[in-house]
Structure formats: structure tokens, C-alpha cells
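Me: Could you take a close look at chain A for me? After that, I'd like to hear how the rest fits in.

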Amino acid sequence: MNKPLQDRTTQSVEPPGLESRRRFLDYLLGTSAVATLGAIVYPIIRFMSPPKIIESTESSVVAAKLNEVPVNSGKIFKFGSKPGILVRTDSGELKAFSAVCTHLDCIVQYQSETKQIWCACHNGQYNLNGKNVGGPPPRPLEEFKVNTRGDEIVVTKA
Amino acid sequence: MNRDEHNFLAPVLVAALMVLAFFTSASAQKKSSCIDCHVKLDDPRLSNPAKLFDNDVHRSRGLSCNDCHGGDPNADTSEAAKDPSKGYLGKPRTVDIPAYCGKCHSDANLMKKFNPSLRVDQESEYYTSVHGKLLKSGEQKVATCISCHTVHGIRAVSDPLSSVYPLNVADTCGKCHGNADYMRAFKIPTDQFTKFRASVHAKALYDKQDLSAPTCNDCHGNHGATPPGIASVANVCGQCHARQADLFQTSAHKIAFDQKGLAECITCHSNHHIATPTDQLIGTQQGALCINCHTNGDKGFAAADHMRTRIDQLIVSIDKSNEILSLAERKGMEVSKPKFDLKGATDALTHARVLIHSSSSSEVDKVIGPGLDVAGKGYQAGLDALAELSFRRKGLAVSLVFILFLALLVYLKVRQLETRQPIAK
Amino acid sequence: MQEWLDERLSISALSDIARKKEVPVHRYSIWYYFGGMTLFLFVVQVVTGILLLLYYRPSAENAFESVQFIVTEVQFGWLIRSIHSWSANLMIATLFIHLFSVFFLRAYRRPREMTWVSGVVLLFIAICFGFSGYLLPWNKLAFFATKVGTEIAGVIPIIGHPVLRFLRGGDDVTGATLTRFFGFHVAVLPATATVFLAVHVLLVQLHGMSVPPSLKDQKLKKMKFIPNFLLRDLIGWILAIGVLAALAALFPWELGEKADAFSPAPAGIKPEWYFLFMFQTLKYLPAKILGMDGEVLGIMAFNVVALLLFFVPFLDRGPENRRRTLIFNIIGVLALLYILVMTIIGYVT
């Protein structure tokens with residue numbers, strides 16, 4: 001631009017064309033600054049609002065509702081990334097174990113006739129304390145803690 | 001010696017003798033002249049028993065040569081030690097070995113002093129076995145107690161060096177049963193060990209050290225060793241493979257197999273060379289076992305075809321889902337949960353492969369259906385992940401446009417400021 | 001508005017300095033922007049770090065799962081987490097550029113010695129930030145990187161073992177290490193950084209931008225700090241936001257597998273790139289040098305260099321000396337080349 005040098009100390013008087021260009025630039029600058037700030041603040045606000053699942057389910061999970069597990073029955077539930085088995089014994093007591101068989105990792109099930117936990121893959125048997133009592137399994141099933149909260153059954157790592 | 005000296009000496013002598021007796025009895029082993037002599041002999045046939053006995057489980061229970069062979073272990077001459085009047089029996093004949101060992105091992109009252117939980121029926125069980133029956137009929141080339149348990153260096157079954165420790169059983173049986181020359185007269189195959197070693201059970205036993213995997217005695221019995229009968233093989237395999245055995249017993253094949261005199265389980269899976277089963281075994285294509293009996297048009301053929309088709313369907317669906325989830329993962333999306341959930345479909349596949357033993361298409365369908373659902377969900381999760389990825393990239397493109405625009409505006413502003421009020425010198 | 005604030009907080013003194021401050025314009029001016037860029041990236045770290053704090057759980061049982069949770073369940077969690085990880089690396093990169101540019105332009109000379117010293121302190125704080133933050137996701141890579149890193153600290157003679165126990169919260173890397181590193185990362189280090197940053201920035205404002213010795217005698221153009229320099233800074237910062245967003249969307253930071261104390265170290269394990277040149281050096285040192293343990297000597301050597309870094313302004317003091325300038329330049333270039341070459345070798349092998 002071939003504009004003469006302005007006096008540093010005094011505010012310059014510009015021709016009207018330049019004045020409106022400056023105002024337009026300021027306007028654009030202002031709106032896009034606000035828009036960008038909005039684009040930064042929006043994800044932050046969404047981040048801070050609680051998500052659908054409020055916390056990770058690795059150490060504690062609602063395994064089932066009380067009425068879903070009748071006496072002398074078992075139910076498989078998801079505990080974090082592994083399956084678990086919830087059993088209600090004859091006496092009404094609730095017990096929970098890891099459902100991964102300690103032999104070759106098949107998923108175990110509850111047998112109401114024998115009142116034991118059974119693995120279909122190679123006929124492994126566990127008693128209701130999780131102890132391996134028959135067949136190939138070399139170790140007991142890991143036991144979890146069971147609590148009730150209202151009508152929910154909550155299972156936590158022991 | 002005068003009387004007093006004699007009287008003084010006697011108690012001292014008695015005391016000395018008591019001390020001597022105390023020290024000799026305090027030592028772990030009673031005196032055994034048998035071992036003391038035999039260990040020094042040159043002929044290995046005579047010295048080995050004495051040397052091997054160090055590791056014997058009987059020795060650790062305080063027993064010695066005379067407890068089996070009779071004789072006098074305190075005698076110092078060969079004649080006195082091997083005196084028949086002292087009960088010396090010498091080396092037993094082959095046909096007498098079971099009774100020789102059974103002298104103690106069939107005596108419940110005696111055995112419970114050493115180990116109350118040990119069985120005492122091995123001798124009687126032995127005579128129900130093929131080995132025992134042949135022995136009774138006069139055959140000398142059969143296995144007796146010492147053939148499997150060895151003699152003089154007998155170790156407990158739980159000792160890993162024992163010839164009857166699970167990992168060693170097949171080698172012990174194979175000593176005779178794998179020797180073609182030795183078994184020539186009996187006209188039975190001698191390739192069982194070779195076949196077994198190639199099987200999935202041997203892989204589990206030897207390669208993965210899974211001691212719960214079966215070896216010879218788990219299917220044939222040990223003391224009552226006999227190959228299982230054709231109609232009872234399913235019971236034997238069913239000890240572990242209970243599910244498959246149950247399904248088979250109630251399937252249409254059970255009646256058909258019994259009628260045709262076909263051995264259960266091993267007709268399809270073989271007895272020794274049990275290979276890891278693949279889907280190739282079932283269906284109606286070249287290489288499938290079903291078409292050995294079934295032909296196009298019969299119910300079995302249709303069922304085999306249907307079951308194989310459904311299984312293949314599920315496999316294809318699982319593979320598709322795995323592929324798309326892996327793709328999403330490679331592109332940076334976190335898909336560990338959908339990948340875990342997809343395992344449910346693989347579970348259904350395993351379940352379906354077990355259910356074919358029911359030879360019922362409807363049973364297989366019952367699990368394939370839900371399995372396909374799970375696989376479908378996994379595929380959908382993969383699609384969602386890829387959609388989210390493309391949404392993020394579009395979002396990025398849009399926001400970059402804004403950001404670059406803003407940067408440009410600021411730059412223009414700077415330029416504008418500096419032409420109005422140039423940088424001073 | 002300004003009068004209202006000024007009456008109560010006396011900000012006019014500071015704002016006067018800021019308004020009057022001028023920045024020299026010459027062919028090396030571009031390097032002036034890197035300090036501000038590092039500061040900006042640090043602010044990004046603080047903001048994203050605080051956001052992550054809303055969901056992160058600093059225990060061995062929960063840490064990995066909580067980061068997984070952030071990346072999969074929380075809205076824009078993937079964005080915040082990836083920006084935090086990328087910005088950390090970018091910040092250390094700009095920090096190194098800032099360090100070397102200040103060194104070569106001799107900006108540490110009198111009266112700016114304290115600015116340099118506080119800057120070196122900030123360098124070490126930043127490296128501690130990086131080392132402590134790296135462990136927090138509690139994945140296999142981080143677990144072993146921390147194990148190896150603290151092991152190296154333990155090799156220092158006499159004080160090594162107590163230092164190792166202090167860092168690890170015990171003899172091994174466990175959940176105790178994680179909790180402790182978390183405490184360092186979100187409380188101790190931010191507090192110390194704030195103090196030294198305040199000192200550093202105030203000193204820069206006080207002394208103004210330094211002019212390289214070669215241009216000292218020339219009459220230079222000057223631009224105003226507010227608004228010209230700041231607006232130019234802003235362009236850089238806006239572009240940096242764009243780069244971070246692109247990196248987060250196109251190259252998301254990996255999560256890996258949860259740490260397992262009993263599984264063996266993954267093959268080819270190496271630390272983050274800013275430690276790589278030291279790691280590679282230690283690999284090349286022979287087991288024994290003049291009868292002493294090679295590794296220990298290597299670590300001590302690095303410690304000595306770090307200490308020397310503090311003393312640079314005091315070693316290069318006094319009037320301009322062509323020979324001394326040359327020596328320092330050569331040392332600087334050699335150091336830079338060494339770091340670059342070793343880092344590249346570390347990546348390629």
C-alpha cells in the first residue's frame with residue numbers, strides 16, 4: 001500500500017473506504033473468534049456432563065434383580081470384561097463366582113440337580129464354595145462378594 | 001574275678017549293650033545282610049536289586065528284602081540268610097507274581113497300617129484283565145505287577161520318576177505294546193503309542209503338561225486293563241466328554257450304531273489317533289464322515305447338510321464382524337468391549353459343534369440363531385465405530401476450516417494495524 | 001472498567017510495562033515465539049488435565065479402566081485425552097527448540113542469568129511431568145518404561161537406592177507408585193511449575209526481549225508487544241489448536257493393554273522420544289569403563305551435563321570473546337546433533 005507514514009502519536013484519519021474495511025475485518029474477527037471459542041467450549045461442556053454409563057463396571061456391577069434368581073438356580077452376568085455366575089443356593093443364600101473354568105476357560109453353568117457348578121467342556125465340577133471337586137479343573141473359581149441394594153444384587157471383587 | 005568285680009561288671013555290660021542297642025535301633029534301617037552282600041556282587045543281575053532298593057517306596061516304609069522274599073536278614077552267610085526254614089521264597093515264577101505282591105497288597109488289615117486309603121483289590125481286578133486272563137491260561141509273555149511298576153525300585157504313582165506317573169504310563173505300556181516282534185503272537189496292532197502321540201490328548205498331556213488329560217489307563221483301566229466294549233465306549237469317553245456322550249446316547253445314532261455293531265465315538269473320532277476335530281468331518285462334501293453311511297435323499301444326509309451349512313454361516317458372520325472390528329481398531333477406535341461381546345458368538349459356535357452329537361438339526365439351530373444375533377451386533381458395533389471415525393474426521397475438517405479462517409483474520413488484522421501504525425524505527 | 005480495577009488492584013503498573021514493552025524485529029525474531037508457544041501448550045495441558053481429572057481414578061485396579069472409560073463412554077473424551085497426550089509431546093519439542101534458540105542467541109547473558117536458571121528448572125519440571133504422566137494410564141508399555149526409568153535412577157551411587165524407593169513408593173513398581181506419581185503430576189509439579197513460570201515470565205517482561213550479540217550494535221525496528229507481538233503469538237496458538245485437533249482425530253493416542261506385574265516385558269521396549277537419546281547412549285556404553293560400571297558412568301555423565309546446563313550463563317560471562325563464542329557454538333551444535341542422531345537411531349533399531 002502506498003500510504004504515507006502516519007504520525008505515531010496521533011490517531012490517523014482514514015478515508016471512509018478503509019474505515020469500513022477495518023470495521024468489517026473487526027466484525028469478522030469478532031464473530032469467528034466467538035465461533036471458535038464456542039467450538040472449544042462446547043466439547044468441554046459435553047465432556048463434563050455425565051455420560052450414559054456413569055462409571056466403569058470393572059470392580060462392581062449390578063448382576064441381576066432379586067426376582068431374576070430363584071432358589072436353586074444360577075445366572076451368568078457380565079463383570080467388566082469377564083463373565084461371572086450368580087447362584088442362589090437351596091438355603092436362599094446368594095453366591096457369585098468367576099464363570100471362567102480354570103481348566104480351559106469355558107464358561108461354567110449351575111446344575112440344579114447336583115447343586116454344583118458344572119463345566120460342559122470336560123465335565124469339570126465345582127462345589128458351592130467354588131472349590132474344584134471333580135474333573136480336570138486344577139484350581140477353584142474366584143469368589144466375589146455379593147450384596148443386595150433394594151431389589152438389586154450388587155457383585156464386587158472380593 | 002572275685003564276686004564283687006563280677007557283680008560290678010554285669011550292670012556296666014548291660015548298660016553298654018543297651019547303649020549299643022539304642023544306637024543300632026536309632027539308625028533308619030534294620031540290619032539287612034541281603035543288601036550288604038548283594039550290593040558288593042559283580043554280576044549286575046544280583047547287585048542291581050540291592051542298589052535300586054534305595055529309591056523304593058517300600059524301603060521308606062521300613063520294609064526290606066525279607067518282607068517279600070522271606071529269609072533271615074540278620075544272618076551273615078548266604079545259606080543261613082536264604083534258609084527255606086526261615087521262610088525264604090526266592091525269586092517268584094511269573095505266574096505267581098500277582099499272588100506274591102498280593103500277599104500284602106490284598107490284605108486290608110495289613111495295608112491300613114501303612115496307607116489306609118490304598119485300594120486292596122488290585123490282584124482280583126488283575127485277573128479280570130486281558131493280561132490276567134492270559135496269565136491264568138498259561139501265557140508267560142503278559143504284563144504282571146512288576147512289568148508296569150518295576151521291581152526293587154518301585155516309586156509311588158505320584159512320583160514324577162515313577163513308571164506309572166501319568167506322563168510315563170504310555171511309555172510303560174508301549175514297552176510291550178509298541179514292540180512288533182514281542183507282540184507278534186498276539187496278532188493285535190502295535191502302533192497305538194505312535195497314534196496316541198499324534199492325538200489331541202497327548203498334546204494336552206505332554207505339550208501342555210495338563211495331567212487331567214487321558215493316557216492309556218484312563219480309558220483301558222490299569223489293573224483291569226481291557227479295551228472297552230463297542231457299546232460302552234461312549235461311557236468311557238463320557239467320563240470327561242459328558243455332554244457329547246449324553247447327546248449321543250439319546251440320538252438316532254445310538255440305536256443305529258448298536259444295530260450295525262459300530263463302536264460309538266471311535267467310529268468318527270478313532271480310538272488312539274484322536275485328532276483335533278474340524279468342521280470338515282461333518283457335512284455332505286468330500287472328506288466328511290457322514291456320507292460314509294448316508295446318501296442323498298435320506299434324513300441323515302439332509303440333517304448333516306443342514307448342520308454344516310448353519311455352522312459355516314455362523315463362522316462367516318463371526319469372521320466378518322472380527323474383520324470390521326479389527327479394521328476400526330487399526331484406525332484408532334477403542335473397540336475392546338464389542339470385541340469381548342463377540343466372544344459370545346464364538347461360544348455359540350463351540351456349543352453348536354458339540355450339539356451335532358445329537359444328530360438333530362433343530363438342536364443345532366437353537367444355538368446358531370442367537371449366535372448369529374451376537375455376531376450381527378458385533379458387526380453393527382464395527383459399523384458404528386467406523387461411522388464415528390468418519391464423523392470425527394468430518395468434524396475435524398470443519399473445525400480446521402474455522403481455525404484456519406480465524407488465523408487468517410488475525411493475520412490480516414496484524415497487517416492492517418501495521419499499515420495504519422507502522423513499526424517504528 | 002480499567003479504573004475500577006486499578007483503584008482496587010493497582011494493575012496500572014503492570015499494564016504500563018506491558019503496553020510500553022517493545023520487541024525487536026530482525027532476522028532471528030522468529031525464535032521469540034517459541035517461549036510463548038511452550039507456555040500456550042502448557043496451558044492446554046492444564047485445561048485438558050483438569051478435565052481428565054474429573055474421570056480418572058489413580059489406583060492400579062481402576063486406572064486403566066478409567067482411561068478406557070474416558071475414551072469410549074465420555075463425550076469427546078477421546079478428543080481431550082488425545083490432545084493431552086499429543087500436547088505433552090509438542091510442548092517438550094517446543095521447549096527444546098526454545099532452549100536451543102536461547103542458547104545460540106546468547107539470550108542468557110547478563111542481566112538475564114536468572115531467567116535462564118528458572119528456565120532450566122522448568123525444563124526439568126517438564127520432564128518430570130512427562131515421566132510421571134506417562135505411567136498414569138497403567139498400561140504395559142508405561143509400566144515397563146517406569147520400571148526401567150526408576151531402575152536407572154537407582155543406579156546412581158550412594159543416593160540411588162533411596163531415590164528409587166522414594167520414586168517407586170517401595171522397592172517395586174506397584175499401585176503405590178501410581179498413586180505417588182499421580183500426586184506429583186497433579187499437585188506437586190503444577191505448584192512448583194506455577195512458581196517458576198511466574199518468576200520466568202515476570203523476568204522476561206522486566207528485562208524485555210534480548211538481542212543477539214551479532215546485531216547488538218545495529219539500530220533495529222521494534223514492534224509493540226501489545227497488540228502486535230501478542231497477535232502474532234495468537235496466530236501461532238490458533239494454528240497449534242488446529243494441529244492438536246488434527247493429531248487427535250487422525251492419530252489417536254493408543255490405550256494398549258492393562259499393566260500386569262507378572263507378565264514379561266514386551267519386546268523392543270523403549271521410552272518416550274525425549275528420553276530416547278539417553279536410553280540409546282546407555283545401550284552403547286560398554287559394561288566396564290576404566291574399571292567402573294559403564295552404565296553408572298553414563299548416568300553420572302548425564303547428571304553432570306544437566307548441572308552444567310544451570311551454569312551456562314556463569315560460564316559464558318564477561319565481555320564478548322570470539323573464541324569463547326565459537327567454543328559454545330560448537331558445544332551447542334554437537335549437543336543438538338548428538339540428541340538428534342541418537343533419537344533417530346533409537347527409533348530405527
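**Chain A and its surroundings**

Reply: Let's start with the shaky bit: over residues 6-10 of chain A, pLDDT (the predictor's confidence in each residue, from 0 to 100) stays under 50, and the model has five contacts there beyond four places in sequence. A contact means two C-beta atoms, placed from the backbone, within 7 Å. Where pLDDT is low, the predicted coordinates should not be read in detail.

This is a predicted model, in which local features need pLDDT of at least 70 and side-chain atom pairs count only at 80 or more, while totals for chains, interfaces and linings use all residues. Residues are numbered from 1 along each chain as its sequence is written, and chains are lettered from A and ligands numbered from 1 in the order in which they are written.

Chain A as a whole averages a pLDDT of 85, with 88% of its residues scoring at least 70. Among its elements, strand E1 (residues 60-65) has the lowest confidence, at a mean of 83, and strand E4 (residues 94-98) the highest, at 94. Helices (H or I, at least four residues) and strands (E, at least two) are DSSP runs, numbered from the N terminus.

As for layout, chain A has one helix and 10 strands, and the helix comes ahead of the strands in sequence. An automatic or database assignment divides chain A into domain 1 (15-49) and domain 2 (60-156), whose C-alpha centres lie 59 Å apart. Of its 158 residues, 25% are buried, meaning that 20 or more other C-beta atoms lie within 10 Å of a residue's own. Of the chain A contacts between residues at least 6 apart, 35% join residues at least 24 apart.

Now for the rest. The largest nonpolar core (buried Ala, Val, Leu, Ile, Met, Phe, Trp, Tyr and Cys joined through C-beta atoms within 7 Å) has 71 residues, and C:Leu41, C:Met91, C:Trp138, C:Ile238 and C:Leu244 touch the most other members. Chain B's helix H21 (361-420) gives two or more residues to this core, alongside chain C helices including H3 (33-53) and H10. The biggest giver is H5(C), with 13 residues. Another core lies apart from it, with 36 residues, among them B:Cys290 and B:Leu355.

Chains B and C also touch: 23 residues of chain C contact 22 of chain B. H10(C) supplies the largest share of chain C's side, 13 residues. Zooming in on C:Ile238, and leaving aside neighbours within four places in sequence, its contacts are B:Ile403, B:Leu406, B:Ala407 and B:Val410.

Terms used. A residue is buried if 20 or more other C-beta atoms lie within 10 Å of its own, exposed if 12 or fewer, and partly exposed in between; C-beta atoms are placed from the backbone.
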